[in-house]
Amino acid sequence: MPFRTGALLGRDDDVERLAAAIGLEQPDGGSVVLSGDAGIGKSRLIARLLDDAAERGWRTAVGHCVGQAGSALVYLPFVELVTALEADSPEVVKRVAALHPALDHLLPGSGHRPQAGAVIDPGGVAAAIHALLTALGADRPTLVVIEDVHWADHSSRDLLTLLLTRGFTAPIGLVVSYRSDDLHRRHPLHETLAVWARIAGVEHVELDGLSDAAVHELVAALEGAQLAEPLAAEVVRRADGNPFFAEELAASAVAGHGLSGGLARVLRSRVEALPEDAQLVVAAVAVGARQIGHDLLSRVVDLPEDRLDAALAAAVEHHVLETGWPPAYAFRHALLGEAVADALLPGERLRLHRSYAAVLAEHPALGRASELARHAAASGDVATAVAASRAAAQSALSMGGPYDALQHLERVLGWLDEDDPLRDEVTMGASDAALLAGDSLRAVDLIRDRLEHPGRVQSPQVRAELLARYVLGLRVLDLPHDPLSLTEEALGLVGPEPSEARVRVLTARLQAIVDREGASDPVGAAAEITALTEEITRLAELLELPRTTAEVRTILVRLVERRQDLTAVEEQLRVLLAQAADDDPVRVRVLHRLGSVQYRRGELGAALTTYDEGARVARRLHIERAPFALECQLLGGLLAYQLGDWDGALARWDVGHEPMAETTRLYFLGSRLAVAAGRGEPLDRQVLAALRGSWWVDGITAVYSVVAVDLLGQEGQIDEALDLATDVLSTLDALWGPRVHLPIRLCALVAGQGARVALTAEPRLRRRMLDVTAILIARAESLTVSPDTDVESWAWLARARAESLRLRWLLADTEQADSDVTAEQLVDAWSTSLVAFERYGDVFETARSRAGLATALHAAGDDAGAREQIEAARVVAARLGARPLLGALDGVLPRGSAVSGIPDLTPRETEVLALVARGLSNGQIGRQLFISTKTVSVHVSNVLAKLGAASRTEAASIARERHLLP
């Protein structure tokens, strides 16, 4: 006999907590992440919250993530959500869509389906959803719910992260739910939850099981399920606080099925009690997706209309299925559907998959390509599964989901035989998707695997194109390879006939020759470059490949750059930029090269603007994880760091929630170590270990490791810092040769950390510090560095010279050194370093050079000059929160000097400073000290001047750092 659940029991505190978190009473909105085991009552609690919100006049809408087939459906919950919101408020949706066209792509059922090949920027989708919700909230309070995000796709998880992080200015309640018992360490949601846990203002609610008393009350309240007390007590015991289990166990007991066996058997018993037609319908729904439309279901089960209606009515009446709109059906609880699917015999499951595949192939509008692919693969129809999965991959790319596309295409590769002629094309598509997703290593590995296992039918032309892609892909990695021999092999295979494959091979050959520096035959190389350029240009015009022409010109700019004529390089790059179409990805590469030219000239502000523009264009074209786009984002963060905007740098490097390859993630984690070192934070040894593990795959990770010399030195691990420096040097010598400029910076950092502990270190360590510094300074001096074209390296060389002189000067009277360095030489060296970094524009390194100069001035007897440098450096260090530098500045002059005490502050000024540090206004300070506001203003101005602070906040920071407050 069917039964109905009564009121929500045992959840009063949870209801109140959720209502408070979303600001239901005020109303002012808020965000909640709701978790709990399957069946614990999340959906019922959300339903109660939705009802309460609707009673108070709130607009409500729900989007569901889908298990099984739906795991790869890009933005599926938001498609459902936006469709519901459009039905409720069409004018608002229309108005927002006019300003944010990306919103149209989330309305596939309303005539807004994107055109084939259209690409959606995830940032545009996020902006559109945020704008829509804000507009709806401004109209009236709105509650939106995204359920079951443990099944969400990558793109939906990223969008949720952005919404939770950004928040809303309008009264918007956002509730996100997931099954906590579905998670494991490698679950894709696991890492995202770590990000959500750090977002300020987001309430996290974990639903616990109900008390035995609440479960007992729930069972007693079930209409049509009155159980004798012993049986009810057994249900309570076995339910273990889970209300869904309690209801299912009670229903099974009422039906006379007893309480033996596992829960799955109990759940299946509900279905076995249904009429035969209803069981057939329920089985079909279980093999399908979370929700099955009526038209699709009616074709799959192939029952007469009256029998289908009767079967559906029975399943709904017995609380197995529930209905939706437009006409669709889903299990009342996903666990019930899973139990039914698991119980099907292999033959039953196979026939249902075949039926779904046949219907979806004939009527593609009834489902998505990924659904067809799943059913076709499960039924053994590989050809249909391959075609559908490739279509699903293309759809994922157009919806801004390269990771999802990669998953679809790699699944296809698992189905195809090595001799299948489609395998080459799918491999190249998967490699492209991996590159768009930022996984360069995966992109190269996919091509490499196909080259090593070509099958028996691979054509020479296809192999040539694979070789060309392999050469171009390996440029961003440091794996051993010989690009010239690989392109020679490719040229021998591709044939002379005009084709896109030949153009790609020729382009790879041109890039390989241009990349090769110090060729043994420069005249011959120049002749081949000319011949290659002429042929590529001719073929590009013949085959109408304008982007290839732009790419070739960008490659050739490298030759001009090698002549150190940066002005000519910039002129050519700006011409290329003006000629490139707005949707041409080559714009990102050109902007990257232009930013690099400006960077080398020391034009940091201009370079930052250029890199940020490159990152913006990449996001618009949805290639933000391509190699040049990644470098724009990374180098933009580095420039922000050097310009003294450390928070801006961290923001550019903050991609913790985004799915990406591990090596790519290390770029951003390694970059953040610079701020950690500057602020004196502990070294994240896991990050350093991960960086070390990638040195031989990608040498840039060794470069990111260099800043750990400072981090290790600050922790007193000088030997480890020296080990790291020598290991980095030997690694990069092996990978890139002896001409890279990194030893210059290594020398400055090693000598600087050595000088910091020189007078307290044991003799063995002093000797080692001097030896390593001597090796590094010799390498630094052997490099060709121009103050005009290598402004950064020139500044670091001046710093390395000053640091090595200081180390020798400090150890001059020890048995480890025999040095005749004078204080005057130190002053000259540090003055040069200061001027060089001021010219370059690196704010923090300028301040560190001032600290070094102050030390030299004090040694030369010029304490007044030292104080001037200390105060100038202290302002910068306090603003950046650079605690190690502040500590170094405090130790330059003796403790009794004016710079380390407060003799210049009057007692009244000290009182005023203390109240300023507490955040009081001038008026509040005046009332507390019984003086006029004008007098307070004068005192505050004097305090700011004496501390060299630009603001009250900075004055308070300086006061705390220098222990000026009582």
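**Helix H12 and selected salt bridges**

Modeller: The buried residues of H12 (buried means under 20% relative accessible area, exposed over 50%, partly exposed in between, with a 1.4 Å probe and protein chains only) are Ala278, Val281, Val282, Ala283, Ala284, Val285, Ala286 and Val287. This is a predicted model, where local features need pLDDT of at least 70, side-chain atom pairs count only at pLDDT 80 or more, and totals for chains, interfaces and linings use all residues. Residues are numbered from 1 along each chain as its sequence is written, and side-chain values use heavy atoms, with hydrogens and water left out.

Biologist: What does H12 reach from its first C-alpha to its last?

Modeller: Helix H12, residues 276-287, reaches 17 Å, close to the 16 Å expected at 1.5 Å a residue. Helices are DSSP runs (H or I, at least four residues), numbered from the N terminus, and the expected span is 1.5 Å times one less than the number of residues.

Biologist: How many salt bridges are found in the whole structure?

Modeller: The search finds 46; each is a side-chain nitrogen of Lys or Arg within 4 Å of a carboxyl oxygen of Asp or Glu. In one of them, arginine 442 pairs with glutamate 410, the closest N and O atoms being 2.8 Å apart. This pair links distant parts of the chain, helix H21 and helix H19, 32 residues apart.

Biologist: And arginine 779, which residue is its salt-bridge partner?

Modeller: The partner is aspartate 733, with the closest N and O atoms 3.0 Å apart. Arginine 779 lies in helix H38 and aspartate 733 in helix H36.

Biologist: Is arginine 779 buried or exposed?

Modeller: Arginine 779 is buried, at 16% relative accessible area, whereas aspartate 733 is partly exposed, at 27%.

Conventions
Helices (H or I, at least four residues) and strands (E, at least two) are DSSP runs, numbered from the N terminus.
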